[in-house]
Amino acid sequence: MSDTVKLLSLAVATPEHVITQKEAAETSARLFSSRFRDFSHLASVFDNAGIRKRYAARPLEWFIEPHGWQDRMEAYGEVARSLFFETTTNALKQAGLQGRDVDCIVTISSTGIATPSLDAQLAQRMGFRSDIERVPVFGLGCAAGVSGFAIASRFARDRPGKTVLFVTVELCTLAFRLDELTRANIIATALFGDGAAACILRAGPEGKAEVESTGEHLFPDTLGIMGWKIDDTGFGVVLAQSLPPFAEAELGPAVDGILARNGLSRRDIDRFICHPGGTRVLAALESALSLESGTLDHERAVLAEYGNMSSPTILFVLERALKAGLPERSAMVAMGPGFTASCVTLKRVA
């Protein structure tokens with residue numbers, strides 16, 4: 001047990017600006033209803049998304065004006081650095097550590113581009129050592145809260161006693177498009193918010209939970225389900241209508257395969273901790289994993305309070321699950337561009 005990877009701490013944060021779902025619906029109607037004939041058929045998504053509010057990198061008024069790459073990425077850099085600093089500082093404090101104690105950083109983000117990467121930009125302020133390993137990862141999208149956690153845990157496993165910091169920062173709202181008169185853009189406007197999370201992982205005897213296994217499943221011929229299209233204005237969301245039915249049909253066997261490769265089955269899992277991509281996706285997940293309707297209660301609560309923040313969202317769910325008390329074995333599950341399913345199993349630490 002002493003050489004298994006443990007989660008030492010977990011901290012989450014959001015930007016300061018709040019957008020209620022009512023405000024998002026009213027503003028979207030004002031911006032799109034006269035230009036997009038199908039808007040009236042899509043407007044109900046704001047009521048049915050299960051979201052009360054979300055947090056945003058910029059105030060609501062910012063999104064009413066057109067924006068290009070430069071100001072989107074300037075906003076990304078400013079707010080992402082702030083959230084990185086806040087979550088990392090809190091995670092280190094919880095673990096009784098300082099920046100100089102970190103040996104490796106895995107930084108996840110798919111909603112902005114920063115070169116040098118965020119970890120390098122904040123290295124001096126955080127007090128990181130000059131010999132720190134940095135692993136910035138882009139492109140894993142909503143699955144990255146789990147797949148990034150898995151990458152960080154494998155670094156910790158392969159470096160016994162070393163401290164690994166995992167940070168995920170997503171500013172989904174900065175991808176909002178006034179010019180995209182598409183179903184996917186309206187759905188994204190109703191669903192997505194901004195947030196960040198940081199974890200400390202280390203192989204050793206102490207921690208909040210033990211990382212037992214990791215795994216992924218890449219589905220063939222599914223590139224068009226989720227992702228970004230990129231043009232002169234910025235990111236444009238790719239979000240297929242087929243996502244919930246695809247998840248309902250395909251996720252169960254994929255998770256079964258991941259668990260089987262680690263000597264486990266669904267019967268061994270006491271609690272699934274899932275990425276709440278939306279209410280339809282949550283219903284599909286419960287069906288795919290043979291869970292009773294309403295089982296994913298922490299997920300629905302996070303979705304209501306924060307929206308879908310992409311990769312950090314599942315760590316907000318994990319935080320609630322930890323506070324409620326983990327059962328003997330849990331499985332974190334998320335899906336993302338690729339199309340991919342990621343799974344990490346956690347065991348309760350006695």
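Start with the strands: select β5, β4, β6, β7, β1, β8, β13, β12 and β11, and you have an open sheet of nine strands in that order, with mixed pairing. Colour the two ends, β5 and β11, separately: they stand at the edges with a single partner strand each, so one side of each is left without a neighbour in the sheet. As you look along the sheet, neighbouring strands are turned by 25° against each other on average, direction ignored. Keep in mind throughout that this is a predicted model.

**Stop 1: the β5 edge**

Zoom in on β4 (104-108) and β5 (133-137). These two strands pair in the parallel sense, over five bridges. For a landmark, show T107, which stands opposite P136 in β5.

Now add helix α4 (69-95). Which strands does α4 lie across? They are β1 (5-13), β4, β6 (163-171) and β7 (194-203), and the helix runs at about 135° to β1.

**Stop 2: the two domains**

Colour residues 5-203 as domain 1 and residues 209-348 as domain 2, following the domain assignment of the protein. The C-alpha centres of domain 1 and domain 2 lie 17 Å apart. Where the two meet, 61 residues of domain 1 are in contact with 49 residues of domain 2.

The UniProt record, an unreviewed entry, has its own bounds to try as selections. For "Chalcone/stilbene synthase N-terminal" it lists residues 6-205 as a domain. That stretch is 40% helix and 22% strand, and its end C-alpha atoms are 8 Å apart. For "Chalcone/stilbene synthase C-terminal" the entry lists residues 212-348. Here the chain is 37% helix and 28% strand, with end C-alpha atoms 10 Å apart.

**Stop 3: C142 and its surroundings**

Next, select C142, the residue that the unreviewed UniProt entry lists for "active site". You will find C142 in the loop between β5 and α7 (144-158). Is C142 buried or exposed? Its relative accessible area is 6%, so C142 is buried, the limit for that being under 20%.

To see what surrounds C142, show its contacts beyond the neighbours within four places in sequence: F192, M226, H275, N308, S310, S311, A334, M335, G336 and P337.

Stay in this loop and pick L140, which also lies between β5 and α7. L140 is partly exposed, with a relative accessible area of 26%. Leaving out residues up to four places away in sequence, L140 touches I108, S110, S147, I151, G336 and P337. Both G336 and P337 are on the contact lists of C142 and L140, and they make a handy pair to display here. If you would like a distance to draw, try L140 to F235: they are 95 residues apart along the chain, and their C-alpha atoms are separated by 15 Å.

**Stop 4: a round of salt bridges**

Side chains of opposite charge can pair when their charged atoms come close. How many salt bridges does a search of the whole structure find? The total is 19, and a few of them are worth a visit.

Begin with D103 and R129, whose closest N and O atoms are 2.8 Å apart. D103 sits in the loop between α4 and β4, and R129 in the loop between α6 (123-126) and β5, so the pair ties together parts that are 26 residues apart in sequence. D103 counts as buried, at 14% relative accessibility, while R129, at 29%, counts as partly exposed.

Move on to R266 and D256, where the closest N and O atoms of the salt bridge are again 2.8 Å apart. R266 is in the loop between α9 (243-261) and β11 (271-274), and D256 is in helix α9, ten residues away in sequence. Both count as partly exposed: R266 at 22% relative accessibility and D256 at 31%.

The next salt bridge takes you back to the β11 edge of the sheet: D297 and R271 meet at 2.8 Å, N to O. D297 belongs to helix α11 (residues 297-306) and R271 to strand β11, 26 residues apart. D297 is partly exposed, with a relative accessible area of 44%, whereas R271, at 16%, counts as buried.

For the last selection, show R177, D179, K229 and D231 together: salt bridges that share partners join them into one network.

Terms used. Residues numbered from 1 in each chain as written. Predicted model: local features only at pLDDT ≥ 70, side-chain atom pairs only at ≥ 80, totals over all residues. Heavy atoms only, no water. UniProt positions renumbered as here; feature names shortened; annotations may be inferred. Helix = DSSP H or I, 4+ residues; strand = E, 2+ residues; numbered from the N terminus. Buried < 20%, exposed > 50% of the residue type's maximum accessible area, 1.4 Å probe, protein only. Contact = heavy atoms within 4.5 Å. Salt bridge = Lys/Arg side-chain N within 4 Å of Asp/Glu carboxyl O. Pairing = 2+ DSSP bridges. Axes fitted to C-alpha atoms, helices over the stretch in contact; angles between N-to-C directions. Domains from an automatic or database assignment.
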